[in-house]
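Q: Please take a close look at one part of this structure, the surroundings of the ligand. Then relate that part to the elements around it.

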Amino acid sequence: MGNDKPRIREVALTGQESPTVKTIRLYDPPTSDAAPGQFAMLWVPDSGEIPIAISGTEEEYSEFTIKHRGETTSEIHDLGVGDKIGVRGPYGVGFSRPTGPAVILGGGYGVAPLRYFYQSNSSNVPLTTLIGATSAEELLFVDELDAEIVSTDDGSRGHHGYITEVIEDVLEGKDVEMIYTAGPEPMILRALEICKSRGLDLEASLERVMKCGVGLCGSCLIDGFRVCKDGPVVGLDQLDEFSEFGRWTRTASGKKEPI
Ligand SMILES: Cc1cc2nc3c(=O)[nH]c(=O)nc-3n(C[C@H](O)[C@H](O)[C@H](O)COP(=O)(O)OP(=O)(O)OC[C@H]3O[C@@H](n4cnc5c(N)ncnc54)[C@H](O)[C@@H]3O)c2cc1C
Ligand code: FES
């Protein structure tokens, strides 16, 4: 668990973003001061502790947008206003500040850290937002991030297919320098290929099973890179060097498995 002890906080507000995704708001000055792309470890007693990106901040409050997946995320979904949860962090390396026009590319709940990135940067540089999801009801923050194009795997809204299929059309005629992305690994890999072929830069937020969150336990390694401490945001050159990314991951027990 590192040296940090969880701070026990009360849930101040909750919001249902989709049938499977919920946002909770906590009064927590340390994470409200985080950089977009950084994450916190959220602790539910008797269940577990999991890494969750900061999806937005307001004054000394932070928000976390969480997909219902297994035991701990299910417990967090059950929390209501006034219920308690532990928070450690913020941890990790976040996104850089954009210096020119950029594209935001989010898939599934990967849109969560990009929402905070948009909150922090949209008044300084032009940002073009592309968002993908499995279906229309699972698209996150489309209006808030003023998405130019959305896609759904089932065709229920926007482009029918993957969001990566529209990137090249969107880039035509746009003076974009950089893509900021978070979401499924195949989406990130495709964005990497596109950036390499067009000479664009890229930063991506990665996900691996995390236990300590502070670089000590080794559960989040990709080719020796500690996603919790050296990431979760990585740049194009680093991402391009990984031999495991998009091919192998580790289970919660540490076993290496093909993706
Ligand atoms: C840096 C980072 C930021 C993240 N941000 C978000 C976010 O903003 N919103 C969101 O919904 N999810 C986010 N996740 C994923 C989230 O941590 C997992 O969905 C969660 O841990 C699943 O826990 P569970 O107990 O509900 O599910 P479980 O039943 O324990 O596991 C379901 C699956 O979740 C993954 N998982 C389990 N434990 C961990 C763990 N400790 N760390 C990472 N993955 C794990 C495994 O692939 C597992 O197969 C983030 C992960 C990382 C690494
Ligand atoms: S989670 Fe322990 S080293 Fe990254």
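A: What follows starts at the ligand and then moves out to the domains and their sheets. The model is predicted: local features need pLDDT of at least 70 and side-chain atom pairs count only at pLDDT 80 or more, while totals for chains, interfaces and linings use all residues. Residues are numbered from 1 along each chain as its sequence is written, with chains lettered from A and ligands numbered from 1 in the order in which they are written.

Ligand 1 is surrounded by 24 residues, the closest being Ile50, Lys67, Gly70, Thr72 and Thr73. A residue counts as near if its C-beta atom, placed from the backbone, lies within 6 Å of the molecule. Strand 4, strand 6 and helix 2 (71-77) each give at least two residues to this shell, and strand 4 gives the largest share, five residues. Helices (H or I, at least four residues) and strands (E, at least two) are DSSP runs, numbered from the N terminus. By class the shell holds 12 nonpolar, seven polar and five charged residues. Here Ala, Val, Leu, Ile, Met, Phe, Trp, Tyr, Cys and Pro count as nonpolar, Asp, Glu, Lys and Arg as charged, and the others, Gly among them, as polar.

At least three residues of the shell come from each of domain 1 (7-91) and domain 2 (102-258); these bounds come from an automatic or database domain assignment. The C-alpha centres of the two domains are 20 Å apart. Between them, 20 residues of domain 1 are in contact with 18 residues of domain 2, contact meaning C-beta atoms, placed from the backbone, within 7 Å. On the domain 1 side, strand 1 (7-18), strand 3 (39-44), strand 4 (48-53), strand 5 (56-58), strand 6 (61-67) and strand 7 (84-91) each supply at least two residues. Strand 7 has the largest share there, three residues. That side of domain 1 comprises nine nonpolar, eight polar and three charged residues.

Strand 4 and strand 6, both part of the ligand shell, also belong to an open sheet of seven strands in the order 4-3-7-1-2-6-5, with antiparallel pairing. Two strands pair if DSSP finds at least two bridges between them. Strand 4 and strand 5 are the edge strands, each pairing on one side only. From one strand to the next the twist averages 35 degrees. Strand 6 runs antiparallel to strand 2 (residues 21-27), joined by seven bridges; Tyr61 in strand 6 is the bridge partner of Tyr27.

Helix 3 (residues 111-121) lies across strand 4, strand 5 and strand 6, at about 45 degrees to strand 5. Such angles run from 0 to 180 degrees between N-to-C directions, with axes fitted to C-alpha atoms, for helices over the stretch in contact. Helix 3 also lies across strand 8 (102-107), strand 9, strand 12 (178-182) and strand 13 (201-205), at about 155 degrees to strand 8. These strands are part of an open sheet of seven strands, ordered 11-10-9-8-12-13-16, with mixed pairing. Its edge strands are strand 11 (159-160) and strand 16 (233-235). Strand 9 (residues 127-133) runs parallel to strand 10 (residues 149-152), joined by four bridges, and Ile131 stands opposite Val150 in strand 10.

Technical notes: Two residues are in contact if their C-beta atoms, placed from the backbone, lie within 7 Å.
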